[in-house]
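Dear colleague,

I am handing over the structure below, and I would be glad if you could look it over before reading the notes that come after it.

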Amino acid sequence: VGSYFDLRHATVEGSEGAWRIGLALLVPRVIMASVKDCIWQKDEKGVWRVRDVPLGQGAVRVEEGLRQLKDAGFAGPISLHVEYASGTAAVGSDEDRQKLESVRSDWRTLADLMKRVGWTL
């Protein structure tokens, strides 16, 4: 039995620090990890909502989570999610090209974070 640990969802549900406890408890069973980022913002009715944003621009402590995984011996795979750019776009359209650039940008951010914690790509 393995766990698919999602740092973004753990942050939303565990806020400031409970995500660390959850990861520490699950890390021996983590077989795959997910990275994405988010912020909290008020909607038009003043209700706090979570909004997905480009990797490195939100509240998710991705570098710290990656370090905790690496220090525990986790070796991957890591799944990069670009949910803020999801939806449908015609292949080759300007929107399609923008979404592909979003994926490239987040990949570069993830690669940099992984290098900072000592992972080689």
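What follows is an account of what was found in it, going from the whole chain to the helices and then to single residues.

Please keep in mind throughout that this is a predicted model. The protein chain holds four helices and five strands, and from the N terminus on these elements run in the order β-α-α-β-β-β-α-β-α. Taken along the principal axes, the C-alpha atoms of the chain fill a box of roughly 40 × 40 × 30 Å. The chain has 121 residues, of which 34% count as buried. If one takes the contacts between residues at least 6 apart in sequence, 63% of them join residues at least 24 apart.

Helix packing

Helix H2, made of residues 18-26, packs with H3 at an angle of about 20°, and the two axes are 10 Å apart. An angle under 35 degrees counts as roughly parallel, and H2 is therefore described as roughly parallel to H3. The crossing of these two helices is right-handed. On the H2 side the residues that meet H3 are Trp 19, Arg 20, Leu 23 and Ala 24, and their partners in H3 are Glu 64, Gly 65, Gln 68 and Leu 69.

H3 also packs with H4, where the axes come within 9 Å and cross at roughly 50°. That angle makes H3 oblique to H4, and here too H3 passes its partner in a right-handed crossing. The residues of H3 that take part are Val 62, Glu 63, Leu 66 and Arg 67, which meet Leu 110, Leu 113, Met 114 and Arg 116 in H4.

How does the span of H4 agree with what its 23 residues should give? Helix H4 covers residues 94-116, and at 1.5 Å a residue it should span 33 Å; the C-alpha atoms at its ends are 33 Å apart, so the expected and the computed span agree. The buried residues of this helix are Asp 96, Lys 99, Ser 102, Asp 106, Leu 110, Ala 111, Leu 113 and Met 114. In an α-helix there are 3.6 residues a turn, so residues three or four places apart point the same way. The buried residues of H4 pack against strand E2 (30-35), helix H3 (62-71) and strand E5 (78-80).

Two backbone details

After H4 comes Gly 118, whose phi is positive and lies near 100°. In the loop between H3 and E5 one finds Pro 77, and the peptide bond that leads to Pro 77 from Gly 76 is cis, with omega near 10°. As background to both details, most residues other than glycine have a negative phi, and most peptide bonds are trans.

Residues in the strands

Strand E1, residues 3-6, contains Asp 6 as well as Ser 3. Is Asp 6 buried or exposed? Its relative accessibility is 12%, and because buried means under 20%, Asp 6 counts as buried. The side chain of Asp 6 reaches the backbone nitrogen of Arg 8 at 3.0 Å, and a polar contact, also of 3.0 Å, joins it to the side chain of Lys 36. Leaving out residues up to four places away in sequence, Asp 6 touches Ser 34 and Lys 36.

Ser 3 counts as buried as well, with a relative accessibility of 13%. Beyond its neighbours within four places in sequence, Ser 3 is in contact with Leu 26, Arg 29, Val 30, Ile 31 and Met 32.

Arg 51 belongs to strand E4, which covers residues 48-53, and with a relative accessible area of 39% this residue is partly exposed. Which residues does Arg 51 touch, when those up to four places away in sequence are not counted? They are Asp 37, Cys 38, Ile 39 and Gln 41. With one of these, Gln 41, the side chain of Arg 51 makes a polar contact, side chain to side chain, of 2.6 Å. Arg 51 and Ile 39 are twelve residues apart in sequence, while their C-alpha atoms are 5.4 Å apart in space.

With kind regards

Note on methods: Residues are numbered from 1 along each chain as its sequence is written. This is a predicted model: local features need pLDDT of at least 70, side-chain atom pairs count only at pLDDT 80 or more; totals for chains, interfaces and linings use all residues. Side-chain values use heavy atoms; hydrogens and water are left out. Buried means under 20% relative accessible area, exposed over 50%, partly exposed in between (1.4 Å probe, protein chains only). A polar contact is a pair of N or O atoms within 3.5 Å; within protein, one must be able to donate a hydrogen and the other to accept it, and residues adjacent in sequence count only if both atoms are side-chain atoms. Contact means heavy atoms within 4.5 Å. The expected span of a helix is 1.5 Å times one less than its number of residues. Axes are lines fitted to C-alpha atoms, for helices over the stretch in contact, and angles run from 0 to 180 degrees between N-to-C directions. Angles under 35 degrees count as roughly parallel, over 145 as roughly antiparallel, 65 to 115 as roughly perpendicular and the rest as oblique. A crossing is left-handed if the near helix is turned anticlockwise from the far one by less than a right angle, and right-handed if clockwise.
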